[in-house]
Amino acid sequence: QNCTDTVKLRCWYEQYGAMDTANIKSKKKDIMLLDIGSEMSRYYSQTSYLGDSLVKIYAARISQGIISSRQLETEIQQDALKSPKRSRTHDYTILKNCPKSKLNLIDRFAMENYRYEEDIPVFDWELSEDTMTVCGYLCKKAATTFRGRDYEAWYAPQIPVSSGPWKFAGLPGLILRIKDTRNMFLFLCTHMTKPEEAVLIDSDRDYGRAIMVSKSRYNRDKQKFMDNSGAFMTGNPVVQQNGPLPAHNYVKKPFNPIELTEK
């Protein structure tokens with residue numbers, strides 16, 4: 001089922017995650033975007049956003065006869081070499097409300113896109129009158145427990161959108177800041193924009209490239225990949241075509257999933 005919506009508001013978040021539980025002060029940082037439409041929302045990495053922008057530019061240049069597909073391939077490789085390295089720790093996309101009342105997470109690892117679907121989570125929020133200014137908005141505090149972690153959130157009643165970063169939602173205002181009480185994860189809105197031209201949230205863009213799996217299998221495969229990516233990818237034709245993987249692919253990587261339980 002393909003779903004589309006038009007972006008009404010785009011929010012930029014800094015997302016921090018402590019992948020190594022033995023060193024929680026050393027957090028990985030990613031820039032994430034939250035596109036909010038009338039019905040749907042899409043939360044995804046800046047890396048994907050920049051990639052989509054480049055695809056549009058390249059497609060326009062080919063259609064106008066400015067560049068051939070062979071020249072394009074060379075130019076993309078040159079751009080990749082010149083571009084600064086960007087963190088891809090949280091290289092996933094979350095689509096809410098496509099289909100209705102469902103949440104889909106699409107994550108890329110092992111040179112594949114994996115997708116699972118679940119009901120949109122319901123958060124049991126405890127509201128407080130405490131206030132804090134975030135991103136120029138006076139926010140109120142709320143607290144919840146979700147899948148093994150306790151969270152403190154700050155939401156803006158001035159922005160009457162019941163949404164937020166990652167899977168968070170359900171407050172009477174947009175969530176601009178949220179962290180877990182053990183300081184493992186932090187989501188912080190830095191600014192917001194309204195697209196000057198029509199921008200679509202299109203589920204086909206994400207769903208069409210992904211392998212549909214159960215959430216249990218996704219969690220199991222992601223853990224196996226982080227434990228030994230080389231062994232997990234053995235037999236992948238893309239890997240075989242490009243030769244053996246470097247030795248560091250067979251070393252266990254620090255991994256600290258944000259969800260400690262499935263439900």
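Here's a short walk through a predicted model, going from one buried aspartate to a set of salt bridges.

**Stop 1: Asp35.** Select Asp35, which sits in strand E3 (residues 28–36). Asp35 is buried, with a relative accessible area of 2%. Now show its surroundings: beyond the neighbours within four places in sequence, Asp35 touches Val7, Leu9, Arg10, Met40, Ser41, Arg42, Tyr44 and Ile201. Pick out Arg10 from that group, since its side chain makes a polar contact with the side chain of Asp35 at 2.7 Å. If you like, add Met192 as well: 157 residues separate Met192 from Asp35 along the chain, yet their C-alpha atoms are 9.9 Å apart.

**Stop 2: salt bridges.** The whole structure has 17 salt bridges; here are a few to click on.

- Lys140 and Glu129: their side chains form a salt bridge, 3.6 Å from N to O. This one ties strand E9 (residues 137–146), home of Lys140, to strand E8 (residues 126–134), home of Glu129. Lys140 is partly exposed at 28%, while Glu129 is exposed at 63%.
- Glu152 and Lys179: the closest N and O atoms of this salt bridge are 4.0 Å apart. Glu152 lies in strand E10 (residues 149–156) and Lys179 in strand E11 (residues 174–180), 27 residues apart. Glu152 is partly exposed, at 26%.
- Glu259 and Lys215: here the closest N and O atoms are 3.2 Å apart. Glu259 is in the segment after helix H6 (237–241), and Lys215 is in helix H4 (residues 215–227), 44 residues apart. Both Glu259 and Lys215 are buried.

**Stop 3: the network.** Keep Glu259 and Lys215 selected and add Glu118, Arg147 and Lys167: salt bridges link these five residues in a network.

Key:
Residues are numbered from 1 along each chain as its sequence is written. This is a predicted model: local features need pLDDT of at least 70, side-chain atom pairs count only at pLDDT 80 or more; totals for chains, interfaces and linings use all residues. Side-chain values use heavy atoms; hydrogens and water are left out. Helices (H or I, at least four residues) and strands (E, at least two) are DSSP runs, numbered from the N terminus. Buried means under 20% relative accessible area, exposed over 50%, partly exposed in between (1.4 Å probe, protein chains only). Contact means heavy atoms within 4.5 Å. A polar contact is a pair of N or O atoms within 3.5 Å; within protein, one must be able to donate a hydrogen and the other to accept it, and residues adjacent in sequence count only if both atoms are side-chain atoms.
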